[in-house]
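Here's a quick look at one helix and what it packs against. Have the model open while you read.

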Amino acid sequence: MSDQDQSNASHFARFLRFAAVGAVGTAAHYTLLLALVEGAHVDPIAGSVAGFLLGALVNYTLNRTLVFRSDRAHVEALPRFLAVAGMGLCWNALLMYLLVDWLHLYYFLAQMLTTAILLCWHYVGNAVWTFRKRIAHD
């Protein structure tokens, strides 16, 4: 196997770990979303935002340790993660608004589509910026 093939396999394995960790964060997100909308009768968009924030906290912790094995200090990595997540939150709210209020999709189906779209945004942002390995400078 060439170095390029090994590198591609390594990136794919990392993406699969990212998706698995994301599933845990998504479960936290969806659990809170359903509890707020179905149990507390909160607006679906507000419930989605609250769930997103909980999922982001879960994802930061697991991605830092299990996926990217980052050596960046929290003081550096956390603000970067929050910036990527913050943009994701904006996309999440916009997509939910468009899918629920404009296209009249059922909120949970809209959230599933939104989550699938944002998977790529979050992976690239965190791999390229938040948890990227430091390059030693001489």
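Where in H4 is the kink centred, and about how many degrees is it? The kink sits at leucine 118 and comes to about 30 degrees, where the bend is the angle between axes fitted to the seven residues ending at a residue and the seven starting there. Helices here are DSSP runs (H or I, at least four residues), numbered from the N terminus.

Some housekeeping: this is a predicted model, so local features need pLDDT of at least 70, side-chain atom pairs count only at pLDDT 80 or more, and totals for chains, interfaces and linings use all residues. Residues are numbered from 1 along each chain, and side-chain values use heavy atoms, without hydrogens or water.

Here's H4 in brief, with its expected span taken as 1.5 Å times one less than its number of residues.

| H4 (residues 107-130) | Span |
|---|---|
| Straight helix of 24 residues | 34 Å |
| H4, between end C-alpha atoms | 30 Å |

Leucine 118 is also one of the buried residues of H4, buried being under 20% relative accessible area with a 1.4 Å probe, protein chains only. The buried set packs against H1 (3-39), H2 (44-67) and H3 (74-102), contact being heavy atoms within 4.5 Å.

Now for a residue on the H1 side. Phenylalanine 18 lies in H1 and is buried, at 5% relative accessible area. Beyond its neighbours within four places in sequence, phenylalanine 18 touches Asn63, Val67 and Phe68, as well as Leu119, His122, Tyr123 and Asn126. Its C-alpha atom is 14 Å from that of alanine 85, 67 residues apart along the chain.

Terms used
Helices (H or I, at least four residues) and strands (E, at least two) are DSSP runs, numbered from the N terminus. Buried means under 20% relative accessible area, exposed over 50%, partly exposed in between (1.4 Å probe, protein chains only).
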